[in-house]
Amino acid sequence: MKTKFCILILLFIMGFLVAAMLPPIPQPLSYHEFIDQRSFLGIPNFLNVVSNLAFLFVGVAGLVFLRRMQVLLVQKTFSAFSECWPYVTIFLSIILVSMGSAYYHWQPDNHTLFWDRFPITIAIMGLLAATMTERIGVKQGLRWLPVLLIMGVASVTYWYWSELQGAGNLNFYIVVQICSILSIILLAIWFPSHYTRGRDIYVIISLYGLAKLAEILDEETYHFGQMISGHTLKHLLAGFAAYWILRMLKKRRLLERFNQAYQIRKYN
């Protein structure tokens with residue numbers, strides 16, 4: 001286990017070294033030129049703005065669910081309720097994504113984009129910490145949660161700061177995104193989940209991957225009927241990925257062999 005975990009740490013270290021050595025990648029201004037700029041009810045870029053409601057609904061529903069788990073005397077979603085903190089982080093950040101992304105799409109530029117990317121990074125780091133918690137151990141996951149959050153926040157803050165200095169550099173933000181997703185996949189492959197529904201993590205990552213693909217195919221998607229753009233579809237797919245996290249929590253149960261081990265530790 002230690003060897004595989006060290007590989008994950010080495011992955012981030014190598015990623016940061018590559019980011020430091022490569023020429024800086026600035027944010028292309030063309031990124032803000034989304035194909036669907038239709039306004040409705042006085043809202044510019046209407047569909048790209050209101051599609052963020054998907055994140056708001058899922059985020060609120062997730063926090064309500066976690067609150068219910070806290071007050072239930074008998075709950076089977078977490079072996080210890082402290083394990084829920086990465087998910088509190090995820091659902092809180094998803095609510096902030098709905099606000100930050102709507103703000104960005106109301107007036108797309110680098111300044112508003114920061115408030116879109118900031119909570120997205122927190123959500124991804126929260127998911128990585130949750131995966132560690134459920135596949136390596138609660139203490140390890142919770143210990144790494146603040147470290148990962150600081151790392152993610154630092155990457156997006158550095159990008160924004162570099163843009164303000166006139167020399168934009170996306171390198172570290174890109175590396176953190178790629179390494180986080182890759183680490184989640186490797187954790188899922190290398191370590192069994194302590195819960196049922198462990199394979200749901202692949203669905204969540206796949207939906208997020210489809211969302212990123214839809215973002216790339218913004219214009220092509222829009223021209224296919226001119227009803228919905230790729231970026232609006234990205235919001236809906238990413239919102240569905242967030243919903244799948246909530247769905248997984250509602251359906252999962254602690255596996256018997258891990259439940260027995262937990263009971264032994266609890267009473268010894």
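Let me begin with residues 223-246, a span that is 75% helix and 0% strand, with its end C-alpha atoms 33 Å apart. What we are looking at is a predicted model, and everything I report is computed from it.

The span I opened with is one of several that carry a record. UniProt, in an unreviewed entry, assigns the feature "transmembrane region" to residues 7-26, 46-66, 87-106, 142-161, 173-193 and 223-246. For residues 7-26, the end C-alpha atoms are 30 Å apart, and the span is 75% helix and 0% strand.

I turn now to the nonpolar packing. The largest nonpolar core holds 55 residues, and those touching the most other members are Leu 66, Phe 78, Tyr 87, Phe 91, Leu 127, Leu 128 and Leu 249. Two or more residues each come from α1 (2-21), α3 (53-71), α4, α5, α6 (138-164), α7 (171-190), α8 (200-216) and α10 (230-251). Helix α10 supplies the largest share of this core, with nine residues. Another core lies apart from it; this one has eight residues, including Phe 34, Val 156, Leu 170 and Tyr 173.

Which residues does Phe 78 contact, once neighbours within four places in sequence are set aside? They are Leu 66, Met 69, Glu 83, Cys 84, Tyr 87, Tyr 195, Leu 249 and Arg 252. Among these partners, Leu 66, Tyr 87 and Leu 249 also appear in the list of core residues that touch the most other members.

Two individual helix positions deserve a closer look. The first topic is Ile 94, which sits in helix α4 (residues 85-106). Its relative accessible area is 6%, which is under the 20% limit, so Ile 94 counts as buried. Beyond its neighbours within four places in sequence, Ile 94 is in contact with Phe 55, Gly 59 and Ala 242. Its C-alpha atom is separated by 9.8 Å from that of Asn 52, a residue 42 places away along the chain.

The next position is Thr 131, located in helix α5. Thr 131 is buried, because its relative accessible area is just 4%. With residues up to four places away in sequence left out, Thr 131 touches Ile 184, Leu 187 and Ile 201.

Ile 201 leads us to the empty space in the model. Rolling a probe the size of a water molecule over the atoms shows where such space is left. The count comes to one cavity of 30 Å³ or more, and the largest cavity encloses about 90 Å³. It is lined by 14 residues, of which Glu 134, Arg 135, Gly 198, Ile 201 and Met 248 are closest to its centre. Helix α5 (residues 110-135) contributes the most to this lining, with five residues. Is the lining chiefly a matter of one class, or how many residues fall in each? There are six nonpolar, four polar and four charged residues.Finally, I come to backbone geometry in the loop between α1 and α2 (46-50), where Leu 41 is placed. Leu 41 has a positive phi of about 55 degrees although it is not a glycine. Asn 45, found in the loop between α1 and α2 as well, has a positive phi near 50 degrees, and this residue too is other than glycine. Are these two residues buried or exposed? Leu 41 counts as exposed because its relative accessibility is 69%, whereas Asn 45, at 12%, counts as buried.

Notes: Residues are numbered from 1 along each chain as its sequence is written. This is a predicted model: local features need pLDDT of at least 70, side-chain atom pairs count only at pLDDT 80 or more; totals for chains, interfaces and linings use all residues. Side-chain values use heavy atoms; hydrogens and water are left out. UniProt positions are given in the numbering used here, feature names are shortened, and annotations may be inferred rather than shown by experiment. Helices (H or I, at least four residues) and strands (E, at least two) are DSSP runs, numbered from the N terminus. On a 1 Å grid over the protein atoms alone, a cavity is a set of points where a 1.4 Å probe fits but cannot get out, and a pocket is an open set with protein on both sides within 12 Å along at least five of seven lines; lining residues have an atom within 4 Å of a point. Grid points are joined across faces, edges and corners, and a volume is the space filled by probe spheres set on the points. Ala, Val, Leu, Ile, Met, Phe, Trp, Tyr, Cys and Pro count as nonpolar, Asp, Glu, Lys and Arg as charged, and the others, Gly among them, as polar. Buried means under 20% relative accessible area, exposed over 50%, partly exposed in between (1.4 Å probe, protein chains only). Contact means heavy atoms within 4.5 Å. A nonpolar core is a set of buried Ala, Val, Leu, Ile, Met, Phe, Trp, Tyr and Cys residues joined through side-chain atoms within 4.5 Å.
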